[in-house]
Amino acid sequence: HSYAVVGAEGYGADCRLFARIVRETPVWVYGRRPHGQRSPNWERVEVVQLQVLDQSYRNHQVTARRRARELYQKAPRNTDLINTYATVLRWGGWPQRGERVTKLAEAYAPTAKDTRINIADNARDLGQYHLWHETIVPLAREFPEDSTIRNSLAEWSDRGRVSMSTQATIGRSSGNNIVHGNRDQQMETRINSPWSTGGWRIYVQQDYVWSSFPEGNASFNRYGTGVEWEWDRKQAWALISNDQLTGRNVGAQLGWSQWLGDDWQYAAMVNSYSPNTPLRAKRAGLHGREADIQLNWRESAARSASLDANLLEISDGNYRESVSVQLNQRLLASAHHVTNASLLLDGMHDTRPGGAYFNPADLRSAGLQITHDWITWRSFDQSLTQHFLAGVALEWQTQFGSALGYDFEYGQSWHLSRTWALNYGVGWGSHVYDGGREQRIFGTVGFSGVF
């Protein structure tokens, strides 16, 4: 019953239930005779395991990992404790470490259900899709009522289905609207084919960006077809796109991403016709080529960092060089609440400032952002999460000095089922460009799912 309470996120009930279980399940049991010999109460091990798993449910992954490791070190041949340790590692976002620990359980109890579940789910998270399939299908035949196995099998089946995602933004600006225009729209839609057994799929994609400036409207409306490969925590993709299926302004995008262990990930991308070219430059008949490199570090869900370096070569001879650094630290975490703080550092340099678009010689910013996610309601695969964001930054531009910029956002995301999700939100931002302040309000809506 206690496992069911935790799985259903009945946290008010499980606090009372845990207290009762801990109180009524002693560490030692004694013989019936007076002064009988005491011996360990192995039921207590299950209680401690459940407490460790509950720490993970409550978003205390680092604490859960430390406690699970301590239990494993005290009984290094206990396969239940080994599998609990492996599960906590995987849940915390360390699947490669989880795989190494699972191999110990496999050496002692290769046919145990928990060992095989860990093998399957580690393979899933590590992109070892053949192993995932070979392990989860027999498990589902043997244990058809196990919800963990059923969910993993359903996720495997999703790889054989068509999926899609779309995200749209509509904004309106006032003041010095030289960047976004007085009105702006963005939409990105992607439809994916099923995955092949070798980790390949094809996709079609639309990238639409539109803004209204005083001198007239400007837009990108790119349609493309691509191919993607993903295996063993590596990903590669190639996309060919053009303007509105006309065959004009054909561009090619190539990308690669790879995890190096559980802590580091890098990605690289080049695009011969970039939709990140400023819209005013596009309206003036210019186009851009782009290269981007990202490096991500993740100690845990509570602490991470990223570095992004970007080069945009615009056809007027300008090279726009951008670098951004983000440091993330979790401040508070509980079962339904997570609060994070992020330090944001950004810099941009244009080699040929001025012209038909916002093009400063140098732009710098240093900001602090606070985000809060609140799981307001949840029932197994369905949930409502509310998102809050507040940010402030000191921004500096060549010839215009410094000013404060502000950002506030609120949104909701619904998991309508295991495979379908809906999100929407609103936001407000205020930033200074060329000495004039622009204030922008916007709304977003998006959904994703598997057919």
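**Figure 1. The whole chain.** A residue is called buried here if its relative accessible area is under 20%, exposed if over 50% and partly exposed in between, using a 1.4 Å probe and protein chains only. By that yardstick, 42% of the 451 residues of the protein chain are buried. This is a predicted model, where local features need pLDDT of at least 70 and side-chain atom pairs pLDDT 80 or more, while totals for chains, interfaces and linings use all residues. Numbering starts from 1 along each chain as its sequence is written, and side-chain values use heavy atoms, with hydrogens and water left out. The chain has 10 helices and 18 strands; these are DSSP runs (H or I, at least four residues, for helices; E, at least two, for strands), numbered from the N terminus. Its C-alpha trace spans about 95 × 45 × 35 Å along the principal axes.

**Figure 2. A nonpolar core among helices.** A nonpolar core is a set of buried Ala, Val, Leu, Ile, Met, Phe, Trp, Tyr and Cys residues joined through side-chain atoms within 4.5 Å. The largest one has 17 residues, and Val 52, Tyr 85, Val 88 and Val 101 have the most contacts inside it. Helices α3 (43-57), α4 (61-74), α5 (79-91) and α6 (95-108) each chip in at least two residues. Which helix gives the most to this core? That's α5, with six residues.

**Figure 3. Zooming in on Val 52.** Contact means heavy atoms within 4.5 Å. Leaving aside residues up to four places away in sequence, Val 52 touches Ala 64, Arg 67, Ala 68, Leu 71, Thr 84 and Val 88. There is also a second, separate core of 10 residues, with Ala 123, Leu 139, Ile 149 and Trp 231 among them.

**Figure 4. Strand β9 and its two faces.** In β9 (residues 264-271) the side chains take turns. Gln 265, Ala 267, Met 269 and Asn 271 point to one face and are buried. Trp 264, Tyr 266, Ala 268 and Val 270 point to the other face and are not buried.

**Figure 5. The partners of β9.** Two strands count as paired if DSSP finds at least two bridges between them. On one side, β8 (residues 248-260) runs antiparallel to β9, joined by eight bridges, and Trp 256 has Ala 268 of β9 as its bridge partner. Three residues lie between these strands in their hairpin, where Gly 261 takes a positive phi near 75°. Strand β10 (residues 288-300) also pairs with β9 in the antiparallel sense, over eight bridges; here Met 269 is partnered with Asp 292 of β10.
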